[in-house]
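Biologist: Please take me through this model, one domain and one sheet at a time.

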Amino acid sequence: MTADWQEARALAYTAGREAAGPTEVVSLPDADGRTLAEPLRALTDLPAFPTSSIDGWAVRGPQPWQPVGRVLAGGVAAPLERDGTCVEIATGAMVPAGAEMLVRVEESTRDAAGLVSGQPRPRPVPEWRLPGEEAHKDEELMPAGTAVDPAVIGVAATCGYEVLSVRSQPRAGLLVFGDELLTAGPPGAGRVRDSLGPQVPGWLRRSGAVVAPESVSGPVQDTLAAHLTALRGALETNDLVCTTGGTMHGPVDHLHPALAELGAEYLVNTVAVRPGFPMLLARVPGKDGRPRFLAGLPGNPQSAIIALITLVAPLLAGLQGRPAPALAQVEAATDVPGRGDFTHLVLARLDQGARSATPVGHSGSAMLRGLSNAQGFLVIRPGMRATAGDLVPFLHLPLIAGERP
Ligand SMILES: Nc1nc2c(c(=O)[nH]1)N[C@H]1C(S)=C(S)[C@@H](COP(=O)(O)OP(=O)(O)OC[C@H]3O[C@@H](n4cnc5c(N)ncnc54)[C@H](O)[C@@H]3O)O[C@H]1N2
Ligand code: MOO
């Protein structure tokens, strides 16, 4: 049955969550781009000890102060036991017990006898960082499901972690269907270039999947036998197999018959969205007991990318244990028509501040020029239309920062 667009996204996400991959323990550098499988907790107070934020003197009692030692970053300071004494201290060094103030070196003097005088900066602004100022021991700093980026890795290192528990990365493959497709040279004489084989792996990777080069193949011959062989092979080694084309019921559309042969269970079979209507998502039992997924992307190139961000991106988010991809809200810069009972996804370009979006040209479902000029889609829900100035949901393409400024 045709699913509502929002429901289809939710179904895909839930199916992914239910099949989320096992946990792996990886080194901090290898955790980049992965997802926390457990909350990240502070292992100690942070800072773990009172830490000088200046180069100068740690002093006790009234001045002048007799220097009795020196403490550098990395050292353990002996306590200051008597009034009228101080130790020389470096930025990052542990403040000795007994110290009452820190005096900056440039705000201090030494007399001929070596005694130090100076003006400590008045409290409550101490010149040192107090234990627990940034985090308390066992405090949750980030929940499970957090995407690991370089800053998260930095926090984990600050806390003292060497490894992180992360979700395994879903492995995805791609099978391109269509005897009319060329893999080299310009289109003509009834044939078109395959524009999905070269681009879909990039979108999958940006959505968190690992795509091995040997898991991308096509064009697969337009016969049921060839489809079955290719699908069985791809499902052996991948958690998710995307196919392009053949989602309809034309004379050489073999996807549905192949799914029947494989005993696949449809989670979504057509979505009330324009473009992209014939997209599908199915689940196939894996030999190891874990389910495999099959996403059928329609052949029209823009429709295929819409199916990717409608079904595949939420599925991959679920498989990685991440939150479902959220919609933004932006102002429609112009009037945007609806599509009756269908959700209308309208390729649009965000303005500099990403507050408003303007539909782009060349956005037919068989075209890709508009896609390469947009950051995502304005979402016009069934029965709706937008008037310039209305706040409208916006679905981002999974672009990396800086890719479409
Ligand atoms: N009788 C009907 N026919 C069609 C309907 C319909 O409702 N009734 N819907 C149309 C819509 S909408 C779409 S979308 C397509 C989806 O069809 P398929 O998924 O079966 O895709 P194909 O027929 O294989 O190809 C459609 C179109 O896309 C071109 N194509 C396919 N793969 C690629 C590729 N990798 N790179 C570039 N271009 C590709 C293909 O040559 C066709 O032009 O069905 C409509 N028909
Ligand atoms: O639904 Mo088709 O996917 O409009 O081009």
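Modeller: One term before we start: two strands pair if DSSP finds at least two bridges between them. Keep in mind that this is a predicted model.

Biologist: By that rule, in which sense do β22 and β24 pair?

Modeller: Strand β24 covers residues 356–359. Two bridges link it to β22, which meets the cut-off of at least two. One contact across the pair sets Glu 331 opposite Ser 356 of β24. The sense of the β22–β24 pairing is parallel.

Biologist: And in which sense do β22 and β26 run?

Modeller: β22 spans residues 328–332 and β26 spans residues 391–396. Four bridges join these two strands. Ala 328 has Phe 394 in β26 as its bridge partner. The two strands run antiparallel.

Biologist: Into which domains is the chain divided?

Modeller: Two of them are built from two segments each: domain 1 takes 5–22 + 169–319, and domain 2 takes 33–44 + 135–167. The other two are single stretches. These are domain 3 (51–129) and domain 4 (328–396).

Biologist: How many Å separate the C-alpha centres of domain 2 and domain 4?

Modeller: Domain 2 includes residues 135–167, while domain 4 is 328–396. Between their C-alpha centres the distance is 37 Å.

Biologist: Why is one side of β5 and of β7 left without a neighbour in the sheet?

Modeller: The sheet is open, has four strands in the order β5-β6-β4-β7 and mixes its pairing. β5 (66–71) and β7 (101–104) each have a single partner strand, so one side of each has no neighbour, and both stand at the edges. Neighbouring strands here are turned against each other, direction ignored, by an average of 30 degrees.

Biologist: Which residue stands opposite Trp 57 in β7?

Modeller: Start from β4, residues 56–60, which pairs with β7 in the antiparallel sense. Four bridges hold that pairing. Across from Trp 57, in β7, stands Val 103.

Biologist: Which strands stand at the edges of the six-stranded sheet?

Modeller: The order of this open, mixed sheet is β16-β13-β17-β21-β20-β18. An edge strand has a single partner here, so one of its sides lacks a neighbour in the sheet. From one strand to the next, the twist averages 20 degrees. The edges are β16 (216–220) and β18 (265–269).

Biologist: Which strands does helix α6 lie across?

Modeller: Helix α1, residues 5–18, also packs on this sheet: it touches β18 and β20 (280–285), with its direction at about 145 degrees to that of β18. Helix α6 covers 301–319 and runs at about 160 degrees to β21 (291–297). The strands under α6 are β17, β18, β20 and β21.

Biologist: What is the bridge partner of Leu 175 in β17?

Modeller: β13 (172–177) and β17 (240–244) are parallel partners over five bridges. The partner of Leu 175 is Thr 243.

Biologist: Which residues does UniProt list for "domain: MoaB/Mog"?

Modeller: The record is an unreviewed entry. In the model, the span it names is 32% helix and 27% strand, with its end C-alpha atoms 17 Å apart. UniProt gives residues 173–318.

Biologist: How many charged residues are in the shell around ligand 2?

Modeller: Ligand 1 has 24 residues around it, with Leu 196, Gly 245, Thr 247, Pro 298 and Gly 299 the closest. Ligand 2 is surrounded by Arg 274, Pro 275, Gly 276, Phe 277, Pro 298, Asn 300, Ser 303 and Ser 365. The shell of ligand 2 holds three nonpolar residues and four polar ones, and its charged count is one.

Terms used: Residues numbered from 1 in each chain as written. Chains lettered and ligands numbered in written order. Predicted model: local features only at pLDDT ≥ 70, side-chain atom pairs only at ≥ 80, totals over all residues. Axes fitted to C-alpha atoms, helices over the stretch in contact; angles between N-to-C directions. Near = placed C-beta within 6 Å. Nonpolar A, V, L, I, M, F, W, Y, C, P; charged D, E, K, R; others polar. UniProt positions renumbered as here; feature names shortened; annotations may be inferred. Contact = placed C-beta atoms within 7 Å. Domains from an automatic or database assignment.
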